[in-house]
Amino acid sequence: MPKKICDVYDPLLPTLLISIHKIYVKQILSGKKVIEYRKKFFNDPFQAFVYTTGKNGGIEMFIKCDAPIIDNAHKLATIGETIQHDNYGDIFDYFKEKNTGYIIPIIEVYQFKKVDLQYLRTELPSFVVPQKYLFLDRQDKQNLLNLLLQQVCSNKLINNWDFYFK
């Protein structure tokens, strides 16, 4: 297992900070959740630090994701039901308004000790929790990216996407 996030970081991949609800973060860390649903998103493979939303929020996970599957509501709901055993109707309803959306395959997961919101705001007073996502590989986000890259890995999970999506 890598010692620090910087050991698995790929400087050639876009790096994002995304927000995910606590219940889904737990499911990703347990290996139960291998895909993420979004109505709008970035179109290419990427890596991301995940901000856990809600009370006691913070950043405790780094993920690598394959290119999203972009399709209509029916196809996305079928994939979600098949791969992750999510409720077809719930997924379909989530995407039905625009009849399009994204399924993001989560390929690798690295957990580290939570960097909480209070610490982030103390170290980086301009830190703002993203509503959806923001890019960290910009000059004005370098301090945050550098801080997160030094986090020590405590758990690693590899999702065999070829097994899930034959």
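The second largest pocket here has a volume of about 170 Å³, and it is a good place to start a tour of this predicted model. The largest pocket offers about 510 Å³ of space. Helix α1 (22-30) ties into the story too, as it supplies at least two residues of the lining of that largest pocket.

**The second largest pocket**
- Its lining includes L17, L124, F127, V128, L134 and L144, along with S126, Q139, D140, K141, Q142 and N143.
- Sorted by class, that lining has six nonpolar, four polar and two charged residues.
- Helix α5 (residues 142-149) gives the largest share of the lining, three residues.

**The largest pocket**
- With about 510 Å³ to explore, you may want to know what sits at the middle: of the 19 lining residues, Y24, K33, E36, Y37 and Y94 are the closest to the centre.
- Besides α1, the elements β1 (15-21), β2 (35-38) and α3 (88-95) each contribute at least two residues to this lining.
- The class make-up is six nonpolar, seven polar and six charged residues.

**Helix α1 and its two sides**
- V25, I28 and L29 are the buried residues of α1. Viewed down the helix axis, these buried residues fall within an arc of 95°, so they line one face of α1.
- In a helix of this kind, residues three or four places apart point the same way, because an α-helix has 3.6 residues a turn.
- The buried residues of α1 pack against β1, β3 (46-53), β4 (58-65), β6 (101-116) and β8 (153-158).
- I23, K26 and S30 are exposed on the other side of α1.
- Just after α1 comes G31, with a positive phi of about 90°.

Conventions
Residues numbered from 1 in each chain as written. Predicted model: local features only at pLDDT ≥ 70, side-chain atom pairs only at ≥ 80, totals over all residues. Heavy atoms only, no water. 1 Å grid on protein atoms, 1.4 Å probe; cavity = no way out; pocket = protein on both sides within 12 Å on 5 of 7 lines; lining within 4 Å. Points joined across faces, edges and corners; volume = space filled by probe spheres on them. Helix = DSSP H or I, 4+ residues; strand = E, 2+ residues; numbered from the N terminus. Nonpolar A, V, L, I, M, F, W, Y, C, P; charged D, E, K, R; others polar. Buried < 20%, exposed > 50% of the residue type's maximum accessible area, 1.4 Å probe, protein only. Arc of directions from axis to C-beta. Contact = heavy atoms within 4.5 Å.
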